[in-house]
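Colleague: I'd like to learn how to read a structure like this one, feature by feature. Could you walk me through it?

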Amino acid sequence: MTTAEEEIRRRLLDVAPEPNESLPFHGRVRLARRKKPDAWYIKAAEGLLLCLGIGLLYATYYHFEHVHFHVNRFYANLGYKEAQHNLGHSYMHGVGADHHSESAVYWLRQAADQGHPKAQYNLAISHLRGFNTGLQPGEARKLIEQAAKAGIPEAIKTLETICAQGGCEI
């Protein structure tokens with residue numbers, strides 16, 4: 001039997017104790033090492049990213065319409081019908097971009113061809129208001145009927161009032 005003093009000396013002098021499989025890390029605890037400071041280019045990249053983030057926050061807060069327009073244009077070019085409709089609406093009403101009816105009709109047509117009900121309605125109404133949409137006679141009524149079937153309240157009202165009187169056959 002060893003005394004307590006001998007046990008303490010054995011533990012202090014024992015540099016590499018036998019691994020104990022029942023303990024985490026087999027009884028060996030690794031001490032944390034000192035972290036080296038980051039290099040100058042890492043600090044510069046972090047500063048640049050911070051400035052970029054603050055700039056994007058500023059742009060989205062104070063210039064929301066323009067940011068929304070450009071994000072919608074990106075997704076519209078990828079083929080998302082909701083973004084195509086939003087882009088056509090932005091061009092038609094001059095929100096976030098200059099008023100440009102030809103571009104508005106183009107994007108509304110793209111979204112309507114994919115089956116977007118509000119774009120179908122807006123394209124038909126643009127045609128009825130005299131914009132050059134390229135729709136054939138009677139095609140505006142078909143678009144309004146499709147939008148009404150999708151549950152667009154404006155399309156249902158237009159179908160009941162204007163189209164019932166023959167105003168959609170232009």
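Colleague: Let's start with Glu 145 and Arg 141: what do their side chains meet in?

Modeller: First, keep in mind that this is a predicted model. For a salt bridge, you check whether a side-chain nitrogen of Lys or Arg sits within 4 Å of a carboxyl oxygen of Asp or Glu. Glu 145 and Arg 141 pass with an N to O distance of 3.1 Å, so they form a salt bridge. Both belong to helix H7, 4 residues apart, which means about one helical turn separates them.

Colleague: Are those two side chains buried or exposed, or in between?

Modeller: In between. Glu 145 has a relative accessible area of 30% and is partly exposed, and Arg 141, at 25%, is partly exposed too.

Colleague: How many salt bridges does that rule give?

Modeller: The count is 3. Another one joins the side chains of Arg 109 and Glu 139, at 3.7 Å from N to O. Arg 109 lies in helix H5 (residues 101-113) and Glu 139 in helix H7, so this pair ties together parts that are 30 residues apart in sequence. Arg 109 is partly exposed at 23% relative accessibility, and Glu 139 is partly exposed at 26%.

Colleague: And what does Lys 35 form with Asp 38?

Modeller: A salt bridge, with the closest N and O atoms 3.4 Å apart. Lys 35 is exposed, with a relative accessible area of 68%, while Asp 38 is partly exposed at 36%.

Colleague: Back to H7. Which of its residues are buried?

Modeller: To read a helix this way, list the buried residues, then look down the axis. For H7 (residues 139-149), the buried ones are Ala 140, Leu 143, Ile 144, Ala 147 and Ala 148. Viewed down the axis of H7, they fall within an arc of 140°, so they line one face of the helix. On the other side of H7 you'll find Lys 142 and Lys 149, both exposed.

Colleague: Next, cysteines. How many disulfides does a search of the whole structure find?

Modeller: The idea is to look for pairs of cysteine sulfur atoms within 2.5 Å. Searching the whole structure turns up 1 disulfide. Cys 163 and Cys 168 form it, with their sulfur atoms 1.7 Å apart. The torsion about the S-S bond is -75°, and the link is left-handed. Cys 163 and Cys 168 are both buried. Cys 51, by contrast, counts as exposed, at 55% relative accessibility.

Colleague: What about the surface: which residues make the nonpolar patch of about 520 Å²?

Modeller: Here you look for nonpolar side chains that are accessible and lie within 5 Å of one another. Val 71, Phe 74, Tyr 75, Leu 78 and Tyr 80 make this patch. Take Val 71 as a sample: it lies in helix H3 (residues 64-78). A residue needs over 30% relative accessible area to join a patch, and Val 71 has 41%, so it is partly exposed.

Colleague: Last one: which elements have the lowest and highest mean pLDDT?

Modeller: Read pLDDT as the predictor's confidence in each residue. Helix H1 (residues 4-13) has the lowest mean among the elements, 72, and helix H2 (residues 40-62) the highest, 96. Over the protein chain, the mean pLDDT is 88, and 91% of the residues reach 70 or more.

How values were computed
Residues are numbered from 1 along each chain as its sequence is written. This is a predicted model: local features need pLDDT of at least 70, side-chain atom pairs count only at pLDDT 80 or more; totals for chains, interfaces and linings use all residues. Side-chain values use heavy atoms; hydrogens and water are left out. Patches are made of residues with over 30% relative accessible area and no salt bridge: like charges are joined within 9 Å, nonpolar side chains (Val, Leu, Ile, Met, Phe, Trp, Tyr) within 5 Å. Accessible areas come from the Shrake-Rupley method with a 1.4 Å probe; for residues, only the protein chains shown count as cover. Helices (H or I, at least four residues) and strands (E, at least two) are DSSP runs, numbered from the N terminus. Buried means under 20% relative accessible area, exposed over 50%, partly exposed in between (1.4 Å probe, protein chains only). pLDDT is the predictor's confidence in each residue, from 0 to 100. The arc is that of the directions from the helix axis to the C-beta atoms.
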